[in-house]
Amino acid sequence: MITQIPIIYVVALLFSMYLIAYFITFRSKKVDAFDKMKLSLILFGIYSLVLWLCVPSTPALETFGYPQTVNDIRTDGQVLKLLQDYNKVIVRTTEVLKWFLFGFIWFFMSNIYLYATHRENEFNPKNK
């Protein structure tokens, strides 16, 4: 399942997809910045969806139940398993969140750059 794949591989694959799509789609120099922004938005949507699928399913942790008293946990092995399961989910969710924030900042800043260069080229007297 996708939650078992290391997140760095998923992110590397998605960024390589982004670069390949960008270079294949925009070989010519006369491309509108809004077309680039549209492609970037579509690829960010794919990126977000794949990262969302990488988040582990947390309802599975509820099947163990929440211990109400100390007597509900009979052995040290049960405590260890519970803590390991929670730790794995927290670490994976943190990794996904970190890479989502990185992708969002990348998307946001690249689109700001595209829009700024578009506006600069539009109002630059040298281009008229």
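**Exercise 1. Find which residues F107 touches, leaving out residues up to four places away in sequence, and work out whether F107 is buried or exposed.**

Step 1. Start at F107 in this predicted model. Its place is in helix α4.

Step 2. Skip residues up to four places away in sequence, and F107 touches S40, L41 and F44.

Step 3. Check one of those partners along the chain: F107 and L41 are 66 residues apart, yet their C-alpha atoms are separated by 7.7 Å.

Step 4. Now the accessibility. F107 has a relative accessible area of 14%, and buried means under 20%, so F107 counts as buried.

**Exercise 2. Work out where S40 sits and what S40 touches beyond four places in sequence.**

Step 1. Look in helix α2, because that's the place of S40.

Step 2. S40 comes out at 3% relative accessibility, so it counts as buried.

Step 3. Leave out residues up to four places away, and S40 touches Y18, F107, S110 and N111.

Step 4. Follow N111 back the other way. N111 is found in helix α4, is buried with a relative accessible area of 9%, and touches M37 as well as S40, again not counting residues up to four places away.

**Exercise 3. Describe helix α4: how many residues does it have, how far does it reach, and which of its residues are buried?**

Step 1. Count: α4 has 48 residues.

Step 2. Go from the first C-alpha to the last. The helix reaches 70 Å, close to the 70 Å expected at 1.5 Å a residue.

Step 3. List the buried residues of α4: L82, V89, R92, V96, W99, G103, F107, S110, N111, L114 and H118.

Step 4. A reminder about helices helps when you look at that list: an α-helix has 3.6 residues a turn, so residues three or four places apart point the same way.

Step 5. Compare with Y113, which is also found in α4. At 56% relative accessibility, Y113 counts as exposed. Y113 and A33 are 80 residues apart in sequence, and 9.6 Å apart in space, C-alpha to C-alpha.

**Exercise 4. Pick out the members of the largest nonpolar core that touch the most other members, and name the helices that each supply at least two residues of that core.**

Step 1. The largest nonpolar core has 13 residues, and I7, V11, Y47, L51 and W99 touch the most other members.

Step 2. Three helices each supply at least two residues of this core: α1 (7-25), α2 (33-54) and α4 (76-123).

Step 3. Zoom in on W99. Leaving aside neighbours within four places in sequence, W99 is in contact with I7, I8, V11, Y47 and L51.

Step 4. Don't stop there: a second, separate core has five residues, including Y18, A21, F26 and L43.

**Exercise 5. Find which residues form the nonpolar patch on the surface.**

Step 1. The patch is formed by F104, I105, F108, M109 and I112, and together they have about 480 Å² of accessible area.

Step 2. Take F108, found in helix α4. Its relative accessible area is 43%, so F108 is partly exposed.

**Exercise 6. Sum up the whole protein chain: how many helices and strands are there, and what share of the residues is buried?**

Step 1. There are four helices and zero strands, running α-α-α-α from the N terminus on.

Step 2. Of the 128 residues, 24% are buried.

Step 3. Among contacts with a separation of 6 or more, 81% come from residues 24 or more positions apart.

Step 4. The chain exposes about 9,800 Å², with carbon and sulfur atoms supplying 68% of it.

Methods. Residues are numbered from 1 along each chain as its sequence is written. This is a predicted model: local features need pLDDT of at least 70, side-chain atom pairs count only at pLDDT 80 or more; totals for chains, interfaces and linings use all residues. Side-chain values use heavy atoms; hydrogens and water are left out. A nonpolar core is a set of buried Ala, Val, Leu, Ile, Met, Phe, Trp, Tyr and Cys residues joined through side-chain atoms within 4.5 Å. Buried means under 20% relative accessible area, exposed over 50%, partly exposed in between (1.4 Å probe, protein chains only). Contact means heavy atoms within 4.5 Å. Patches are made of residues with over 30% relative accessible area and no salt bridge: like charges are joined within 9 Å, nonpolar side chains (Val, Leu, Ile, Met, Phe, Trp, Tyr) within 5 Å. Accessible areas come from the Shrake-Rupley method with a 1.4 Å probe; for residues, only the protein chains shown count as cover. A salt bridge is a side-chain nitrogen of Lys or Arg within 4 Å of a carboxyl oxygen of Asp or Glu. The expected span of a helix is 1.5 Å times one less than its number of residues.
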